[in-house]
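Here is a short briefing for a first look. Keep the sequence and the model side by side.

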Amino acid sequence: MTTPIVEKDLDNATLTVTTEFDAPLEHVWQLFADPRKLEKWWGPPTYPATVHQHELRPGGKVVYSMTGPEGDTHYGLWNVIAVDEPGSFEVEDLFADENGNPNPELPATVMRYEFAETGGRTQMRCVARYASPEALQQVLEMGMEEGLVAAMSQIDGVLAEIAAA
Amino acid sequence: MVVGRSDEADDDRRFRAVADATRRDILRRTMTREYSVSELARNYPMSFAAVQKHVAKLERAGLVTKRREGREQLVRADVHAVRRMRYLLDQLEAMWVDRIDRMGETLAQEKGDES
């Protein structure tokens with residue numbers, strides 16, 4: 001696997017992740033299409049995910065929960081917007097209640113995944129679009145509260161970051 | 001890391017403040033040294049008043065501080081505030097990088113199962 005490249009665009013509140021996996025496209029697609037595989041990577045080890053409902057088709061829903069070390073459970077929902085197997089799919093990721101109903105007070109993230117295979121390796125591009133810079137910030141805060149994020153490396157190159165943003 | 005309500009409000013203002021290329025440029029310049037507003041204004045195709053407005057927005061967000069020296073207003077970035085914002089962005093990046101690591105691991109397991 002190549003090191004993922006993450007580009008942050010503050011003007012458009014989007015985050016683009018590109019990477020390449022040493023696996024055929026069929027296997028990469030299964031990471032999303034097979035709920036048991038999705039559970040393996042969606043949540044961090046401290047907040048493993050359980051997929052309760054899985055309909056990866058336009059208009060379908062994927063309902064998942066993540067349970068933390070204190071037994072705290074957080075629900076999420078994907079509203080599936082478009083699926084073009086195995087080239088791409090787009091979903092709206094929302095915070096939800098235990099019945100899978102979206103929480104309208106919390107911001108949605110639209111995620112578009114695109115895949116292409118070259119010589120048995122699969123390139124993946126994911127564009128996560130937040131409703132606004134404020135929504136992006138809110139997602140960040142939620143992520144921190146839920147412990148979704150891993151330990152941080154040292155801060156350096158503040159200038160470079162601002163320049164790149 | 002636990003973030004209080006007031007921190008969240010501050011972050012909100014900060015993210016709004018940097019969602020503009022001119023303001024980010026002002027921030028980048030004033031990270032290195034103090035700039036007067038008129039000196040900053042020479043860099044952008046807009047009026048002094050417009051640049052002053054951008055500076056005011058950055059100031060309200062706590063990203064820069066302003067002080068008066070004679071007739072000049074001097075602007076300097078608050079390194080701590082910028083660092084905190086960068087920290088939040090890095091957290092988000094880390095979340096995605098970790099996720100992709102786990103995707104790679106899941107794919108490797110599958111390969112192992114097949115052979």
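The points below cover the basis of the model, a sheet, a core and a helix.

This is a predicted model: local features need pLDDT of at least 70, side-chain atom pairs count only at pLDDT 80 or more, and totals for chains, interfaces and linings use all residues. Residues are numbered from 1 along each chain as its sequence is written, while chains are lettered from A and ligands numbered from 1 in the order in which they are written.

**Sheet in chain A**
- Eight strands (DSSP E runs of at least two residues) form an open, antiparallel sheet in the order β1-β2-β8-β7-β6-β5-β4-β3 (chain A).
- Pairing takes at least two DSSP bridges between two strands.
- The edge strands of chain A are β1 (5–9) and β3 (49–54), each paired on one side only.
- β3(A) pairs with β4 (residues 61–67) of chain A over 5 bridges, in the antiparallel sense.
- In that pair, Thr50(A) stands opposite Ser65(A).

**Nonpolar core**
- The largest nonpolar core (buried Ala, Val, Leu, Ile, Met, Phe, Trp, Tyr and Cys joined through C-beta atoms within 7 Å) has 52 residues.
- Val28(A) and Leu58(B) are among those with the most contacts inside it.
- Helix α5 (residues 79–114) of chain B gives the largest share, 10 residues.

**Helix α2 of chain B**
- Helices are DSSP H or I runs of at least four residues.
- The buried residues of α2(B) (20 or more other C-beta atoms within 10 Å of their own) are Arg23(B), Arg24(B), Ile26(B), Leu27(B) and Thr30(B).
- They cover an arc (of directions from helix axis to C-beta atoms) of only 155 degrees, so they lie on the same side of α2(B).
- On the other side, Ala21(B) and Thr32(B) are exposed, with 12 or fewer such atoms.
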